[in-house]
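Let's take a walk through this model together. Have the sequence and the 3D view side by side, and follow along at your own pace.

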Amino acid sequence: MKTLYLSDLDGTLLRSNERVSEYTAKVINRFVQNGGCFSYATARSIVTASKVTVGLNTEFPVICNNGAFIIENITRKLLLSNFFTPVEVEYISEILNKHNIYPIVNAFINSVEQVMYIERYVTPAMQSYLDTRFGDPRLFIVENINELYSGEIFELSCMDTDAVLLPIDKIFKSDNLFDCLYQKHPYCDDYCLELLPAKSTKANAALQLKSILSCDRLVVFGDEINDLSLFSVADECYAMSNARPELKEIATAVIESNDNDGVAKWLEENVL
């Protein structure tokens, strides 16, 4: 039986310094060289994912933007893409505008990826995120709502306090029209609500990748809320010791933390 081993990045394969350790890279590279099938599924774009996985020589396609895309790791060719329809964008923007929420919008405009925002509406939480992306060529300041919601949109990120975002999260989850990820902001004490097309989940992308690679089984590793769907479709699922309680409750087992190279150690002990 051929098995696809699929890992989240932040908090899972990456250490707290947002990098793959030399030990983890060596273990995974040896695993792949010996015929193993290993890839990652991340909320990051291929741009930032590539930067933090330097040294990891996986030849397989990767899952980015929480399942919006499956991308050839070497050629950057899109094997799977999910975008909002114009009707969906109009519906979302009406709700957000009504509540004076102006998100960071990820879209392709003329085949070029852009991360758009209106500068005068940047919240402290948004600023925390933007500070970590300083110098990113995808960042693009727009002047108005029409510009903000332009292009082929695949993700909208609302970043603010829990008091502001929780009611919005309830609205979208009650509609059940989109994939909604609501969790604590990774860079500050506020929260982040990510809206994606309904098919943009790590689970859907993982099953597609499993089929593309002609694998029979799926073994996954994760730590956050956006990994729950991934765990639900896996044959085996492993939560890091630093993972959210919700993942630990449904995991096959809990393994060592990301800072202790838990994924690599598990592979070395159980597969290599």
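Leaving aside neighbours within four places in sequence, which residues is Ser200 in contact with? Keep in mind as you look that this is a predicted model. Ser200 sits in the loop between strand 11 (191-197) and helix 8, and its contacts beyond those neighbours are Asn66, Gly67, Ala68, Asn82 and Asp179. With a relative accessible area of 0%, Ser200 falls under the 20% cut-off and is therefore buried.

From that loop, follow the chain into helix 8 (residues 202-212), which packs on a sheet and touches strand 1 (3-7), strand 2 and strand 12. The direction of helix 8 makes about 145° with that of strand 1. The sheet itself is open and has five strands in the order 2-1-12-13-14, paired in parallel. Strand 2 (37-40) and strand 14 (253-255) stand at the edges with a single partner strand each, so one side of each has no neighbour in the sheet. From one strand to the next, the twist averages 25°.

Within this sheet, strand 12 (residues 217-222) and strand 13 (residues 236-240) pair over four bridges, and Phe221 stands opposite Tyr238 in strand 13. Those two residues also belong to an aromatic cluster with Tyr5, Phe31 and Trp266. Helix 11 (residues 262-270) lies across strand 1, strand 2, strand 12, strand 13 and strand 14, at about 135° to strand 13.

Now for the interior. In soluble globular proteins, nonpolar side chains tend to be buried together. Here the largest nonpolar core has 54 residues, and Leu6 and Phe38 touch the most other members. Helix 2 (residues 22-33) gives this core its largest share, five residues. Beyond residues up to four places away in sequence, Phe38 touches several residues, including Tyr5, Leu13, Ile28, Phe31, Val263 and Leu267. A second, separate core of 24 residues includes Phe84, Leu148, Tyr149 and Tyr182.

Finally, look at two aromatic pairs. The ring centres of Phe83 and Phe108 are 6.2 Å apart and their planes are at 85°, so this pair is edge-to-face. Phe83 lies in the loop between strand 5 (78-81) and helix 4 (86-98), and Phe108 in strand 6 (residues 104-109), so the pair ties together parts 25 residues apart in sequence. Phe83 is partly exposed, at 25% relative accessible area, whereas Phe108 is buried, at 17%. Tyr182 and Tyr191 have ring centres 5.5 Å apart and planes at 20°, so they are stacked. Of these, Tyr182 is buried and Tyr191 is partly exposed.

Notes: Residues numbered from 1 in each chain as written. Predicted model: local features only at pLDDT ≥ 70, side-chain atom pairs only at ≥ 80, totals over all residues. Heavy atoms only, no water. Pairing = 2+ DSSP bridges. Helix = DSSP H or I, 4+ residues; strand = E, 2+ residues; numbered from the N terminus. Axes fitted to C-alpha atoms, helices over the stretch in contact; angles between N-to-C directions. Contact = heavy atoms within 4.5 Å. Core = buried A, V, L, I, M, F, W, Y, C linked by side-chain atoms within 4.5 Å. Buried < 20%, exposed > 50% of the residue type's maximum accessible area, 1.4 Å probe, protein only. Phe/Tyr/Trp six-rings, centres within 6.5 Å; stacked < 30°, edge-to-face > 60°.
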